[in-house]
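Here are some short exercises to work through with the model open beside you. Try each task before reading its solution.

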Amino acid sequence: MTGIRYVTPLREGGSVPGVVEADDLGTYVVKFHGAAQGRKALVAEVIAGELGRRLDLRVPELVRFDFDPVIGLGEPDQEIQDLLKASGGLNLGMDFLPGSLGFDPLAFGVEPAEASRVVWFDALIGNVDRSWRNPNLLVWHRNLWLIDHGASLIWHHNWKGAAASAAKPYDASDHALSRFSPDPAAAAAELAPRVTAGLLAEVTALVPDEWLAGEPGFDSPDAVRRAYGELLAARAADIHERITLAPRRRDRRPPPEWLRTWVDGKNAEGADAGERA
Ligand SMILES: Nc1ncnc2c1ncn2[C@@H]1O[C@H](COP(=O)(O)OP(=O)(O)OP(=O)(O)O)[C@@H](O)[C@H]1O
Ligand SMILES: [Mg+2]
């Protein structure tokens, strides 16, 4: 895919992705390799996003996106101009979902089975960016769509300590879907067997060589791909045992005695009033 028109920056995003029209006349959200988050954020988007899609989670289609900074010259903001100039060549495009809304847990209900799958998937990829403050979920045509996996696979920022870091628990207590009764062990039983070595090889093969080349400690992009695959395979096997969830409402401490008496008294009054009426 090649960009033909830079439409607008998406300023809600820390990396300021752009909405860009491409030569197939489709519109894409483009994540730029020149952003401060760097190319590892793009690697994480590809591996996590393509893995999620193969596990039947809804992730907008991802494409390799060729961007020539010339098409952004009309953009007046100097910072964005700098970002675009630093991002010539291969970037990551994601199908733009027109009319989608940011997910609001108070306005949109999610089935426990779906919440379970998403929480388990986020634990698998070590996603620290799906809290209720910043859900990175979109609602489109009444379905939930997963976006923004740039802050997942966080262990790839330090491969030497990766195994130890990946063995740590996953804290899902402020996950955007934690209020929908997720059961990650049930999701693991369904999804973990599907995370095979073959599937991981297929997914990691989609990352362009130029985003993996020169990684310290590895002698080729394929060696880096194997490291991602091995780590995710190990995690798929048992991460469900290490997920911390917020306590469920019914597990929380009961109200104090004085409050219960007061509420019961109120109910009794209400019932009396009802009988009198
Ligand atoms: N495929 C899409 N279709 C429609 N809107 C999108 C899409 N992807 C992203 N957006 C919008 O752009 C915003 C920024 O995107 P995204 O969260 O991926 O960027 P980011 O720079 O990685 O953000 P963050 O600050 O959360 O790290 C989203 O919150 C959403 O409103
Ligand atoms: Mg985001």
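A residue counts as near a molecule if its C-beta atom, placed from the backbone, lies within 6 Å of it. This is a predicted model, where local features need pLDDT of at least 70, side-chain atom pairs count only at pLDDT 80 or more, and totals for chains, interfaces and linings use all residues. Residues are numbered from 1 along each chain as its sequence is written, and ligands are numbered from 1 in the order in which they are written.

**Exercise 1.** Find the residues that come nearest to ligand 1, then describe its shell.

*Solution.* Start with the 21 residues around ligand 1: Gly13, Gly14, Ser15, Leu97 and Asp148 come nearest. Next, sort the shell by class: nine residues are nonpolar, eight polar and four charged. Finally, turn to the domains (bounds from an automatic or database assignment): domain 1 (3–101) and domain 2 (102–251) each supply at least three shell residues.

**Exercise 2.** Where does the largest nonpolar core lie with respect to the two domains?

*Solution.* A nonpolar core is a set of buried Ala, Val, Leu, Ile, Met, Phe, Trp, Tyr and Cys residues joined through C-beta atoms within 7 Å; buried means 20 or more other C-beta atoms within 10 Å of a residue's own. Among the 60 members here, Val30, Ile47, Val119, Trp120, Ala123 and Leu124 touch the most others. Both domain 1 and domain 2 contribute residues, so the core lies between them.

**Exercise 3.** Is helix 1 mostly covered or uncovered?

*Solution.* Locate helix 1, a DSSP run (H or I, at least four residues), at residues 39–54. Of its 16 residues, 12 are buried, including Ile47, so helix 1 is mostly covered.

How values were computed
Nonpolar A, V, L, I, M, F, W, Y, C, P; charged D, E, K, R; others polar. Helix = DSSP H or I, 4+ residues; strand = E, 2+ residues; numbered from the N terminus. Expected span 1.5 Å × (residues − 1).
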